[in-house]
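Hello,

Here is the structure I promised to pass on to you. My notes on its sheets and helices follow below.

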Amino acid sequence: MVQLYNLHPFGSQEVVPCKLEPERFCGGGRDALFVAAGCKVEAFAVAGQGLCQPRCAFSTLGRVLRLAYSEAGDYLVAVEEKNKATFLRAYVNWRSKRTENSRVCIRMVGHDVEAPFSETFRDQMSIVEMPLSEAPLCISCCPVKGDLLVGCTNKLVLFSLKYQIINEEFSILDFERSLIIHIDNITPVEISFCIGYVAVMSDLEVLILKLESDPKNGERVNHHPRKTNNPVKLSEDISNETLQLESDDFVICQKPMELLGEKSKQSGIAVTLESTGLADEKIKYFHVQHLLYRRFAPDISSCVLSDDIKLHSLQLLPIYQTGSLTSERKHSSQEKELLSLFCFFSLPHVGYLYVVVKSVELMSVYQYPEKSQQAVLTPQFLHVITSNNLQCYTVRCSAAAAREEDPYVDTTLKVDYSNTYKTAKTQSCIHLLSEAHLLVRAALMDASQLEPGEKAELLEAFKESCGHLGDCYSRLDTQYSHLALPYYKMSGLSMAEVLARVDWALEDGTQKYERGLIFYINHSLYENLDEELSEELAAKVVQMFYVAEPKQLPHILCSPSMKNIDPLTAISYLRKLDTSGFSSVLVTLTKAAMALKMRDLDMHRNEMKSHSEMKLVCGFILEPRLLIQQRKGQIVPTEFAVHLKETQPGLLVASVLGLQKNNKIGIEEADSFFKVLCGKDEDTIPQLLVDFWEAQLVACLPDVVLQELFFKLTSQYIWRLSKRQPPDTTPLRTSEDLINTCSHYGLISPWVNVLISSESLADKNYMEDLSKLQSLICGPSFDIASIIPFLEPLSEDTVAGLSVHVLCRTRLEEYERCIDRLLERCPEAVIPYANHELKEENRTLWWKKLLPELCQRIKCGGEKYQLYLSSLKETLSVVAVELQLRDFLNVLPEDGTAAFFLPYLLYCSRKKSLT
């Protein structure tokens, strides 16, 4: 909202020559003005400059209390008082009244006119009297349909505008009382009606309703007149406030309240509908939707309601587009389609503007410097009559909805005008540019009616206004200086073009950079733009931040847009920084990066040695762009990262791990970074990435999905083992390191060493990958079932493959299958396997599985006879200890040699006595 001081958008001023002091007045469309004084209403023609010319005059029953004009139907309606009685009358066809003594036809609302008399209505004014059971308090005409809403005590009466068709060439305007809206607990002082939207205002309350035409669950329409006796049930906290108790000693007042949407049903105001139209006609409105309820607190300094806190100037303002009308409504020149609707009401010192279509929200609050008497809202301005002045404020209505027709405003002109002030650092410049921007933006909201050339011109004006607003907010030291960023973005200007508009030196030679410009450049350099500044502009940016924001200097030097900065210039500014107020390690790393850019490796090494590795990791976390940048949406490792890969890979892995732990880089981004860094395609996994995965397991990061990480590592271990593919670089951790430092890597079962030692595996890297895979399988967190399908490339023909398969089957408790495989491939590992795995409930497998299998294989003989025989002896020793003599005899083979088994039988028989 912008207040326009001593400026009003009026093209002319006209004087109305009234014979009596005006009591009531209202506009009559674009060309007429009605003035009520005494018992007479005068109509004036408003056509040109100078005096308004009298058009016609007509008498009323008595003093006019309310006066309203409807452009739809071109009629005037008045609430008139005579002998303390109140009357509601509509003046139709008033343009045909030439003189004050011309004949006038008076008829009752809804009465059919007989054909012989109808022709007389063509050229004379008609007065339609609308009797009501209660005195009318206020009136409102729908600006779109012409329907009339009348406010009475505790109810609103809706008269629908209709036409009595006399013949093909002539019809008479009439009304039908179609609906009564019963509203309890509120006495309307002002009302406003617009195509189904109803606003009701008392001295301190405002209620906005929407009459729905689709039948839904809600307040249903009643087809027979009746009194409302079922008010809405109130919540306990609000019902306690519905009464204002007064006595000689105290006053209890209701507290202020604002209820939006469905919550406004809790206002305590009961609303019901009663249809009064003809039964055979289509019911127009079925139920009510509550939109807004707002209550203001009275001034408790006196028991009498003060005028200082009474509401006034209730208004519903529609914004709509127009189109050609169908033949069914030939009496109106245009059919209007609602785009948006606004509600305005005002206290003496503050006005409120709400938007009520689609969603209900407060758009603007207007503070008046003086007490207001009346206010009028238009799509562009709010005009307020105060005790001493006519004030004007801009409004956002035209920017909130498309303005379909506005032939008198050149929207590209409030841009040209403001260009005159673009060098002035004043708030007035922002005000003017803001209004130009809003008008252009509103015109662009519905560009379907614009010619291609007009649309292009408007777009250019829009971008130009954004650029000027960006200039203002970047140069002015205001609380809204951050708005320079979005306006420059909408202008389409590049960063270089924005910097070219900056006044780098003041007249006295000093340098000062306002917050808005610093804010814009800082954020733009953080956005990974594909724009690279020239060496000259980059140097100016460094100088700017050294003066205005020295703490940000290391960060902006790491931006891809600053690629062309002279490293000597950058280092000279970095050396002058006072690092007492922020991280010195970040300055050190930035200097090290610039030293690499200059190929000064000695300086680079000296800078890196000045801090511990842990502090260096912290520095990379503070500024990830020292290692990782994005260009055109692709991850690009920096020269610093490439150098660390060759010289300090452990520091690089730890730094990327720190970035992930602090949410500075995602899992997939980190994987892509290492692949690009090592020059590998998507299907090839470099050892440095495997080192990173292992580091993730060691760090136990909470955001890492363990099973996914296990799958990555095991897949890589299996692939390298199956292909006998060595790692491309030396692994950072051995299997022993991982077992000692990571709980996810378990101790390898001892029988595995016996199995592995049965063949010679001289390749150290091969053994390391095998040990890591075995250790993972032996760990507590590994999901064995998920890896079984991927073991196929690792053949069981090798002891390495056999060890992995047997480990997995053992974890799945397939012990009998594992015993068979070991007896076939490596009998010497069977007893170590059984000693380690066949425990507790699985010990029965010693005599149920292992003993009979060994006996059977010994019978068959063969080259492994001695291995089977020694294994059988150890098995018998275990079984003799575990079983009683009778059970032991039952598990021995029937065809065995007694002399062979006798020592074990004797031991089993003596076991009890020894015990």
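**Sheets**

An open sheet is built from 5 strands in the order β17-β18-β19-β23-β21, with antiparallel pairing. Strands here are DSSP runs of E with at least two residues, helices are runs of H or I with at least four, and both are numbered from the N terminus. Two strands count as paired if DSSP finds at least two bridges between them. Before I go on, please note that this is a predicted model: local features need pLDDT of at least 70, side-chain atom pairs count only at pLDDT 80 or more, and totals for chains, interfaces and linings use all residues. Residues are numbered from 1 along each chain as its sequence is written, and side-chain values use heavy atoms, with hydrogens and water left out.

Back to that sheet. The edge positions belong to β17 (190-194) and β21 (257-260), each with a single partner strand, so one side of each has no neighbour in the sheet. From one strand to the next, the twist averages 15° (angles run from 0 to 180 degrees between N-to-C directions, and axes are lines fitted to C-alpha atoms, for helices over the stretch in contact). Within the sheet, β18 (residues 197-201) and β19 (residues 205-212) run antiparallel and are joined by 5 bridges; V198 has L209 in β19 as its bridge partner.

Just past β21, G261 lies in the loop between β21 and β22 (271-275). Leaving aside residues up to four places away in sequence, G261 touches H290 and L291, where contact means heavy atoms within 4.5 Å. G261 and L291 are 30 residues apart in sequence, yet their C-alpha atoms are 4.4 Å apart in space.

Another open sheet also has 5 strands, in the order β8-β9-β10-β12-β11, and its pairing is mixed. Here β8 (63-70) and β11 (104-108) are at the edges with a single partner strand each, so one side of each is left without a neighbour in the sheet. The twist in this sheet averages 25° from one strand to the next. A parallel pairing over 5 bridges links β11 with β12 (residues 125-129), and M108 stands opposite E129 in β12.

There is a hairpin to look at, too. Strands β26 (residues 350-355) and β27 (residues 361-367) pair in the antiparallel sense over 6 bridges, with Y354 opposite L362 in β27. The hairpin has 5 residues between the strands, and K358 takes a positive phi near 70°.

**Helix pairs**

Helices α6 (residues 452-475) and α7 (residues 484-491) pack at an angle of about 155°, their axes 7 Å apart. That makes α6 roughly antiparallel to α7 (over 145 degrees; under 35 is roughly parallel, 65 to 115 roughly perpendicular and the rest oblique). On the α6 side the contact includes F462, K463 and Y473, and on the α7 side Y487, Y488 and M490 are among the residues met. By class, the residues of this contact are 8 nonpolar, 4 polar and 2 charged (Ala, Val, Leu, Ile, Met, Phe, Trp, Tyr, Cys and Pro count as nonpolar, Asp, Glu, Lys and Arg as charged, and the others, Gly among them, as polar).

The other pair is α16 (residues 639-647) with α17 (residues 649-661), packed at an angle of about 130° with axes 6 Å apart. These two helices are therefore oblique to each other. A641, L644, K645 and T647 of α16 make the contact with P649, L651 and L652 of α17. That contact has 5 nonpolar, 1 polar and 1 charged residues.

Best wishes
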